[in-house]
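Please open the model in your viewer and keep the selection panel at hand. The tour below moves from the sheet to a helix, then to a single residue and finally to the ligand.

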Amino acid sequence: GSADEADEAVRGTCEDASVCKRFAVSVGYWKDPYIQYFVRQAKERKAPEINRGYYARVHGISHLLKAFLKKTECNCQVINLGAGMDTMFWRLKDENLLPRKYFEVDFPTIVTRKIYNIKSKPPLSKPIMESHSGESLLIDAHSLDSCRYSIIGADLRSSSELEEKLKKFNMDTQLPTLLITECVLVYMTPQQSASLLKWAASTFQTAMFINYEQVNMADRFGQIMIENLQRRQCNLAGVEVCWSLESQKERLLLNGWETANAIDMMKVYSSLPQADVKRIEGLEFLDEKELLEQLMQHYCISWASKDSSNLGLETITF
Ligand code: SAM
């Protein structure tokens, strides 16, 4: 039916994100030796604005993630919701920054594809083996469970299914927990994303939530972005939360989170150290500064915390 088709289109966005990331990595925006094992090289060059946008996105999320790991001294769990082909597990392992356990959740068909790649490529499977001890390593077509890393197939629109599966894979609700949704909530209705946020806030005592998605979608540029996505049959059920930074923040505060922040990607970009700006602006000539700014003003990072253990999570910022 058409609901299945809409879900299929949403799953297609996973491919897009990783193809773009792989391309930006090949130009030198950031290092990721693992993304090549998950997606093909892009057939055509991506525009410099797009590459810089992905740089800001990847930098923004990893900046907040690393701040959380530092506050918790890696005595925590990370749950990436709608992770697609994300490679953060391997990059954190290389940097000796693995949390106690790293979880990923996505639709079962995406998970099956990810696990197939892991199984067939030693540079992906070896680090998982290395970080594992004991006997219970499980890798079948639909899930992976090791000491430090789990990949779980589930629909994020059902919190009870999500919680049940995470618990089966030894999620510990007492540990400080970071949840990440990178370009995921916009595909759910506002009710569905609200219930996911509420579930997270009520399940963990000490937690942080990081969300990346579109913002300022009510203006002309935003409307064009929406039309482009709809042309690819993507159902942007959650786009009304993307009207403003205020509505992004409000959603977090209304669903059980104690502190919340939201900034657009231009702000994230401006927070970069001068040396990073110099390096990445030297990678490719960019003619249309204005287009880059427009684009960056239409994506945002929002983050929220609740801090029963007084770790100082509310001070995490750019
Ligand atoms: N977070 C990854 C990244 O940024 O590279 C992938 C982003 S991709 C745009 C959106 C991902 O969310 C897809 O992998 C899709 O399958 C997943 N997703 C969307 N809605 C979902 C749902 N209801 N349940 C599980 N996964 C979902």
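Two strands are said to pair if DSSP finds at least two bridges between them, and the elements themselves are DSSP runs numbered from the N terminus, with helices (H or I) of at least four residues and strands (E) of at least two. With that in mind, select Asp145 and Ser150: Ser150, in β5, is the bridge partner of Asp145.

Before going further, note that this is a predicted model, in which local features need pLDDT of at least 70 and side-chain atom pairs count only at pLDDT 80 or more, whereas totals for chains, interfaces and linings use all residues. Residues are numbered from 1 along each chain as its sequence is written. If you colour by pLDDT, the predictor's confidence in each residue from 0 to 100, the protein has a mean of 95, and 100% of its residues reach 70 or more. For the complex, the predictor gives an ipTM of 0.99 and a pTM of 0.97.

**The sheet, starting from β5**

Stay with β5 and select residues 149-153, of which four out of five are buried, a residue being buried if 20 or more other C-beta atoms lie within 10 Å of its own, exposed if 12 or fewer, and partly exposed in between, with C-beta atoms placed from the backbone. Add strand β4 (residues 144-145), which runs antiparallel to β5 and is joined to it by two bridges; three residues lie between these two strands, which form a hairpin. Here Leu144 has Ile151 of β5 as its bridge partner.

Next add strand β2 (residues 101-106), which pairs with β5 in the parallel sense over five bridges, and look for Phe103, whose bridge partner in β5 is Ser150.

Now widen the view to the whole open sheet, whose nine strands follow the order β3-β4-β5-β2-β1-β6-β7-β9-β8 with mixed pairing. Because β3 (138-139) and β8 stand at the edges with a single partner strand each, one side of each has no neighbour in the sheet.

Further along that order, select strand β6 (residues 177-182), which is paired with β7 in the parallel sense over six bridges, and find Thr177 opposite Ala207 in β7. Strand β7 (residues 206-214) is mostly covered, with eight of its nine residues buried.

**Helix α12**

Move to helix α12 (residues 289-296) and highlight Leu292, Leu295 and Met296, which are buried. Viewed down the axis of α12, its buried residues fall within an arc of 95° (taken from the directions from the helix axis to the C-beta atoms), so they line one face of the helix. Show also α2 (48-72), β8 (259-264), α10 (265-270) and β9 (299-307), which are included in what covers those buried residues.

**Asn117**

Which helix holds Asn117? Asn117 is found in helix α4 (residues 108-120), and it is partly exposed because 15 other C-beta atoms lie within 10 Å. Leaving aside neighbours within four places in sequence, Asn117 is in contact (C-beta atoms, placed from the backbone, within 7 Å) with Tyr37, Phe38 and Leu124.

**The ligand**

Finally, select the ligand and the 20 residues around it, of which Thr13, Cys14, Gly82, Gly84 and Glu182 come nearest; a residue counts as near if its C-beta atom, placed from the backbone, lies within 6 Å. Helix α1 (residues 2-27) contributes the largest share of this shell, six residues.

Technical notes. Two residues are in contact if their C-beta atoms, placed from the backbone, lie within 7 Å.
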